[in-house]
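User: I should like to learn how to read the packing of helices and the empty space inside a protein. Could we begin with a pair of helices?

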Amino acid sequence: MKRKKLAVLSLAALMAVSSAAGCSAPQKTSEEAAAPVTSEESTGTTESESMAQEETQDGSTGRVTDGNGWYLWDDSGNVNMEGRGAVGENAMIASAKVEASQAGVEILKAGGNAVDAAVAVGFALGVVECNYSGLGAGGFMTIHSEDGEVVFLDFRERAPQAATPDMWPKDSKGNVIGNQKAIGGKSVGVPGEVAGLSYAFEKYGSGNVTWEEVLQPAIKLAEEGFYVAPNLGEVWKDYYGWMLDYPEFGDIYLKDDGMTYEVGELFKTPALAKTLRKIAEGGKDAFYKGPMAEAMVNRINKYGGVFTVEDFENYTVKEMEPVRGTYRGYQIISSPLPSSGGTHVVEALNVLENFDVASMEHNSAENLHYLAEAFKIAFNDRALYMGDPEYVDVPIGGLTSKEYAKKQAEQIQPDKATVYEEVNPWTYEHKDTTHFSVADKDGNMVAVTQTHNYPSGVAMNEYGFIFNNEMDDFSADPESPNAIAPGKTPLSSMSPTVVLKEDGSPFMVLGTPGATRIITTVTQLISNVIDHGMTIQEAIDAPRIFNTSTSAVAYEGRIDKSVIAELVEMGYEMDEKEEIDKYFGNANAVYYGDDGKLYGGSDFRRDSKSFGY
């Protein structure tokens, strides 16, 4: 894949490009699909409308707005559940924050391509959604170019070279004593976000915008500030105790009076702005080498870490082949190991393909039964086989095999929860996180999921950011395929996914945060669109379930109580969550409509908003 293959999306060029081929998906008509998006809610399709959206902050009210009449919360502080989607003629960005989506649009207007825009969105999210990602984080990126080439970039956090299973003290039963695995220096992995976004820009960017330009929106947000939105305000309160225990953490995110910022208050991070300028001027080396790297090592080790400067200097991005599968003729392209996400999305869909899901009423007991069973099968295999492929052998070909899924599906009983006999996948072997999606009418698609996991408590107050606690994603069991080892990448569920039609033309790009709920959410979204003919926004809005091979079935309270009673009768243990619960992720997706337009879908479970033009 060459840089020039990703079409340049300057505004003038976009207006001159002809419409993309129509989509034959089992989707509503273009009129029906557009119906939920009013003229006030739309992010616009003309230059004048796009220009009107540049203002994201309303200083008179302290609220986030799209600049076109839509507010994230109203005068009473109630979060706006409507208007999260958008329609665009030429390009679409769906991300977790209004400001980040608009940062991407700004780069597209300057002549950048989809990758350039994604890099701008990624850095901007690290400012306005600093609780989920940032300079101390990492992630995955799936890129599909207009000529059909696909690459996957792994810039996930990695274990330092001195890491071993014994670095976490354990009791006689092998359980980690205390919380060293989840907080403090021994929970931190080498962050990859700066390296990953830099790699994507250098290799797959358009060459028409500079590195400094793609960082400028993030720098401006850090320096001039942004209004604290409901989700961020709530999360900061959750971490208040950690901010007191780790003073550098609190120094960044607490006010002068020692309290957290409230919703609607202006929050600035001038130290982060200076750091972003250093990276804009010196590239990734300004982060991974020299004084900043030395300072990071010293800070992590202050809280029990085992880092050296070489852990930062030797960090590399991995370019990989994505996992591929099909579902009812559609091509599924998603994350390979060390993420288990793509593999098990494909596996769960392969199991569902053995049943006529389209004939089932959406979220009926029958529909949810087969979803729950497919998830049980996938998560059982996840526990048995998955780990970093550089350290363990994993039967990916078997786990994504149609024949393997058929054998598993044959064990599902139509009227009750099932206990499964293990099927050996080697027999079929053939030798809270954030997500955003970017797409244009020419078929360039970028799906990015990036994450801290949770803040480790360890922070660089002088540089304005916090570190991940991704080492908590390793198993403490030294015999586990996901046991920690020097330089190893912890298992993940992140699943930035591209879906193509049978002929290879673009269909949709999607993903979500949510830990292991990522796998179940992405699977449900794909089924909602393909099997149930939903618009992308309807698919995101619909209530979700989640279960593993050992857990109760968690469900959003909006699902009909009579359906839940039927599932209990079938033998399921049910776990009701709130009617609308962030537990089930925060999906952001773009769908290619049969009318040639791009439909952005964003999740009301957090602060997401799509923008297009």
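Analyst: The crossing of α15 and α19 is right-handed. The contact is formed by G341, H344, V345, A348, L349 and L352 on the α15 side, and by I519, V522, T523 and I526 on the α19 side. By class, these contact residues comprise 7 nonpolar, 3 polar and no charged. Please note that the model is predicted.

User: At what angle do α15 and α19 pack, and how far apart are their axes?

Analyst: In general, two packed helices are described by the angle between their axes and by the distance between those axes. For α15 and α19, the angle is about 45° and the axes lie 9 Å apart. An angle from 35 to under 65 degrees falls outside the parallel and perpendicular classes and counts as oblique, and α15 and α19 are therefore oblique to each other.

User: How does α15 pack against α18?

Analyst: Helix α15, residues 341–352, and helix α18, residues 402–409, pack at an angle of about 60°, and their axes are 8 Å apart. The helices α15 and α18 are therefore oblique to each other. Their crossing is right-handed. From α15, the residues E347, N350 and V351 take part in the contact, while α18 contributes K402, Y404, A405 and A409. This contact of α15 with α18 consists of 4 nonpolar, 1 polar and 2 charged residues.

User: Which orientation do α7 and α11 have relative to each other?

Analyst: The angle between helix α7 (residues 211–224) and helix α11 (residues 270–282) is about 170°, with the axes 8 Å apart. Angles over 145 degrees count as roughly antiparallel, so α7 and α11 are roughly antiparallel to each other. On α7, the contact involves W211, E212, L215, A218, I219, A222 and E223; on α11, it involves P270, L272, A273, L276, R277, I279 and A280. The classes in the contact of α7 with α11 are 11 nonpolar, no polar and 3 charged residues.

User: Let us turn to empty space. What is the volume of the largest cavity, and which residues line it?

Analyst: In general, rolling a probe the size of a water molecule over the atoms reveals where empty space remains. Here, the largest cavity has a volume of about 70 Å³. Its lining consists of H362, N363, N367, L371, Q524, S527, N528, H532, A539, A542, P543 and R544.

User: Which helices supply at least two residues of that lining, and how do the lining residues divide by class?

Analyst: Both α16 (365–385) and α19 (517–530) supply at least two residues each. The largest share, 3 residues, comes from α19. By class, the lining of the largest cavity has 4 nonpolar, 7 polar and 1 charged residues.

Methods
Residues numbered from 1 in each chain as written. Predicted model: local features only at pLDDT ≥ 70, side-chain atom pairs only at ≥ 80, totals over all residues. Heavy atoms only, no water. 1 Å grid on protein atoms, 1.4 Å probe; cavity = no way out; pocket = protein on both sides within 12 Å on 5 of 7 lines; lining within 4 Å. Points joined across faces, edges and corners; volume = space filled by probe spheres on them. Helix = DSSP H or I, 4+ residues; strand = E, 2+ residues; numbered from the N terminus. Nonpolar A, V, L, I, M, F, W, Y, C, P; charged D, E, K, R; others polar. Axes fitted to C-alpha atoms, helices over the stretch in contact; angles between N-to-C directions. Parallel < 35°, antiparallel > 145°, perpendicular 65-115°, else oblique. Left-handed = near helix turned anticlockwise from the far one by under 90°. Contact = heavy atoms within 4.5 Å.
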